[in-house]
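Reader: I am new to this structure and should like to be guided through it by questions and answers. May we begin once it is displayed?

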Amino acid sequence: MASIALKSFVGLRQTTSENKSIVLSKPTTQTRRNFRINASKSSPRVTGRNLRVAVVGGGPAGGAAAETLAKGGVETFLFERKLDNCKPCGGAIPLCMVGEFDLPLDIIDRRVTKMKMISPSNVAVDIGRTLKPHEYIGMVRREVLDAYLRDRATTAGATVINGLFLKMDLPKSTGSPYVLHYSDYDSKTGGAGEKKTVEVDAVIGADGANSRVAKNINAGEYEYAIAFQERIKISDDKMKYYEDLAEMYVGDDVSPDFYGWVFPKCDHVAVGTGTVTHKGDIKKLQTATRLRARDKIEGGKIIRVEAHPIPEHPRPRRVLDRVALVGDAAGYVTKCSGEGIYFAAKSGRMCAEAIVEGSENGKRMVDESDLRKYLEKWDKTYWPTYKVLDVLQKVFYRSNPAREAFVEMCADEYVQKMTFDSYLYKKVVPGNPLDDLKLAVNTIGSLVRANALRREMEKLSV
Amino acid sequence: MSMAIFSSTPPTQLPTLSPPQTKKTQFFYKPYFSLRPTKKHQYLVPIFASADEGSGVAAVKVEDEKASENPVSAGENLGSNGSPPLAAEAPEPATAELVESANKFQDPRWVGGTWDLKQFAKGGKTDWDAVIDAEVKRRKWMEDNPQSSSNEDPIAFDTAIIPWWAWIKRFHLPEAELLNGRAAMIGFFMAYLVDSLTGVGLVDQMGNFFCKTLLFVAVVGVLLIRKNEDIETIKKLLEETTFYDKQWQATWQDETSSKSEKN
């Protein structure tokens with residue numbers, strides 16, 4: 001069975017050649033799947049015009065993908081249904097994103113350099129001492145960031161279409177185009193929009209957690225968390241405390257499998273929480289989060305309430321023929337921290353780069369193998385990050401004692417340094433083995449102590 | 001002050017902020033004899049306190065608290081509380097506002113956001129067991145009555161200050177005794193059984209590789225499986241470690257197998 005042959009992919013694809021050898025053992029009964037062994041660079045299919053690619057969704061993933069495609073000489077259509085969409089989002093971007101995407105510093109509202117972790121029993125630990133002066137976590141407004149990336153795509157030559165993607169017709173034969181049906185709003189609000197179609201050769205689905213493109217290609221479902229957030233305007237002197245500080249609250253009262261947060265935004269704070277397993281209790285969890293932060297947000301006025309699904313893991317299928325998913329649509333949100341903006345933009349860019357390369361700057365047709373190259377590169381580069389965060393979530397968000405141990409560990413300077421280094425630069429750095437050993441011992445010690453206390457607590461209640 | 005207790009919603013405009021204390025409306029009033037002998041100030045107010053002895057009743061003593069709220073002087077505190085026998089050198093954290101402080105964790109040994117180890121002295125040395133007990137009570141109380149985390153009195157207690165041998169003595173040793181007892185019983189019984197079945201004595205059994213393997217399995221089993229449920233737990237844990245990997249690999253496998261079915 002071909003699936004068994006492919007099972008040798010264990011976490012990390014080693015080299016492309018391994019991929020090719022696996023492909024060779026595939027049975028040839030599947031005629032529809034032209035799984036070319038060689039890159040499509042030697043594909044005989046050459047187009048007489050530039051390759052046409054549709055990017056559905058104009059968020060960070062779509063904007064980054066469209067820009068890279070347009071720069072690479074591909075005819076790009078970027079579909080976005082609401083150009084001024086104020087997405088509910090934590091809004092945190094790591095330092096490396098600013099450099100990698102050449103973001104101007106003025107779209108960053110705030111630079112967070114301190115974080116406070118608060119345990120279930122309100123033990124508070126400050127982290128951020130190890131940050132260098134030029135390092136920070138950027139807080140952005142999604143509407144500002146998204147618009148900026150889209151504008152850059154337009155400047156590079158992409159066509160932004162203000163419309164809602166409805167569905168797409170899959171091609172009947174290899175080489176025929178995808179037909180996208182959409183409602184063209186053309187910046188008119190309120191109207192139903194004109195039904196139009198467009199033919200493209202490849203599609204990048206960047207339309208977020210409830211992706212329609214994903215539905216069209218039967219990408220499968222994923223588990224998702226509900227993130228619920230209230231934007232609260234607090235007084236100036238209370239706002240001063242959050243000048244460059246974000247808070248994370250952990251505890252069963254705040255979230256059984258995630259955390260509650262207070263993130264500073266441009267002139268207000270966002271207080272929220274999330275959960276996968278107890279979605280029905282989200283309001284109760286939010287109340288508990290507000291209670292834990294009560295002293296610091298007292299007197300505040302809620303100016304907006306928002307909620308959004310956050311994928312927990314990638315969809316079973318991320319690429320089909322000449323359609324690829326990126327960003328939240330693919331499910332590239334990390335566990336533990338729930339971070340998605342950087343990964344969305346980066347995956348959009350990576351997918352676009354794969355298309356540009358596979359089509360030799362828009363001169364040739366692409367096929368699935370080119371898109372699979374993007375998947376391969378993505379999995380290889382970021383799998384360690386995702387796996388480490390998954391392990392952290394499994395170990396430290398399990399129960400209240402685990403969370404207490406987590407906060408205790410955060411007080412350690414080595415932990416802070418490792419955490420911030422890997423968060424800001426998105427690279428899992430091994431670090432000093434001796435320090436790692438000490439860290440492991442301390443972690444186990446913390447967990448053992450917290451669990452021992454927990455068992456005593458249970459004796460009390462009995 | 002009692003008014004503040006009943007209307008414990010803080011004066012904010014935050015909608016739907018229900019006081020969490022309403023969860024536990026039990027007026028559990030244990031005679032708080034060890035620390036506060038002045039019973040005449042105590043009365044049965046339906047305070048939403050947990051069953052915890054120390055902190056629960058501390059919240060009940062509303063009128064007393066009022067005097068101690070003002071961060072005036074330690075002496076006045078001791079005076080109003082009837083000079084408890086314990087050497088409570090420092091006053092309770094009294095910097096919070098009146099409304100919230102009634103529900104904060106109160107304990108005379110909880111000073112400045114951590115346990116004052118001097119108050120746990122027993123025979124010249126710190127009584128670590130008592131520290132552990134106190135922290136357990138505090139965590140239980142905090143879990144039942146989630147509190148707002150405040151910047152004025154941050155909590156900074158780290159369980160690492162309790163030395164490792166105190167943990168071992170209290171938690172590890174009893175369980176180790178249990179497990180060693182189990183291992184010894186299994187070992188004796190199995191040695192007897194094997195000897196009666198094969199005639200191989202204990203010393204000769206130790207030389208045999210198969211017996212050594214059995215011994216290893218028995219030891220590991222006793223360590224890992226302490227309750228019947230542990231078998232299921234271990235199976236689930238093993239599955240959990242690879243679950244995320246499988247989710248990521250799905251796009252590589254699904255692509256050939258399910259497509260062929262679809263076609």
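Author: A residue is called buried when its relative accessible area is under 20%, exposed when that area is over 50%, and partly exposed in between. Please note that the model is predicted.

Reader: Is A:Lys335 buried or exposed?

Author: The relative accessibility of A:Lys335 is 13%. The limit for a buried residue is under 20%. Therefore A:Lys335 counts as buried.

Reader: Which residue forms a salt bridge with A:Lys335?

Author: The closest N and O atoms of this pair are 3.6 Å apart, and a salt bridge requires such atoms within 4 Å. The partner is in helix α11 of chain A, whereas A:Lys335 is in the loop between β18 (323-325) and α10, 55 residues apart. At 1% relative accessibility, the partner also counts as buried. The residue is A:Asp390.

Reader: Which residue of chain B is linked with A:Lys335 and A:Asp390 in a network of salt bridges?

Author: Over all chains, the structure holds 48 salt bridges. The network includes A:Lys335, A:Asp390, A:Lys387 and A:Lys394. Its member from chain B is B:Asp245.

Reader: Which residue meets A:Glu353 in a salt bridge, and is that residue buried or partly exposed?

Author: The N to O distance in this salt bridge of A:Glu353 is 3.6 Å. The pair links helix α10 of chain A, which holds A:Glu353, with helix α11, 24 residues apart. A:Glu353 has a relative accessible area of 32%, so this residue is partly exposed. The partner is A:Lys377, which at 44% relative accessibility counts as partly exposed.

Reader: A:Ser359 is found in the loop between α10 and α11 of chain A; which residue has its backbone nitrogen 2.9 Å from a polar atom of that side chain?

Author: A:Ser359 has 0% relative accessibility and therefore counts as buried. Not counting residues up to four places away in sequence, A:Ser359 touches A:Leu51, A:Val74, A:Arg364 and A:Val366. The backbone nitrogen lying 2.9 Å from a polar atom of the A:Ser359 side chain belongs to A:Gly362.

Reader: Which helix supplies the largest share of the lining of the second largest pocket?

Author: This pocket has a volume of about 1600 Å³ and is lined by 41 residues. The lining divides into 22 nonpolar, 6 polar and 13 charged residues. Helices α12 and α14 of chain A, together with α7, α9 and α10 of chain B, each supply at least two residues. The largest share, 10 residues, comes from α7(B).

Methods: Residues are numbered from 1 along each chain as its sequence is written. Chains are lettered from A and ligands numbered from 1 in the order in which they are written. This is a predicted model: local features need pLDDT of at least 70, side-chain atom pairs count only at pLDDT 80 or more; totals for chains, interfaces and linings use all residues. Side-chain values use heavy atoms; hydrogens and water are left out. On a 1 Å grid over the protein atoms alone, a cavity is a set of points where a 1.4 Å probe fits but cannot get out, and a pocket is an open set with protein on both sides within 12 Å along at least five of seven lines; lining residues have an atom within 4 Å of a point. Grid points are joined across faces, edges and corners, and a volume is the space filled by probe spheres set on the points. Helices (H or I, at least four residues) and strands (E, at least two) are DSSP runs, numbered from the N terminus. Ala, Val, Leu, Ile, Met, Phe, Trp, Tyr, Cys and Pro count as nonpolar, Asp, Glu, Lys and Arg as charged, and the others, Gly among them, as polar. Buried means under 20% relative accessible area, exposed over 50%, partly exposed in between (1.4 Å probe, protein chains only). A polar contact is a pair of N or O atoms within 3.5 Å; within protein, one must be able to donate a hydrogen and the other to accept it, and residues adjacent in sequence count only if both atoms are side-chain atoms. Contact means heavy atoms within 4.5 Å. A salt bridge is a side-chain nitrogen of Lys or Arg within 4 Å of a carboxyl oxygen of Asp or Glu.
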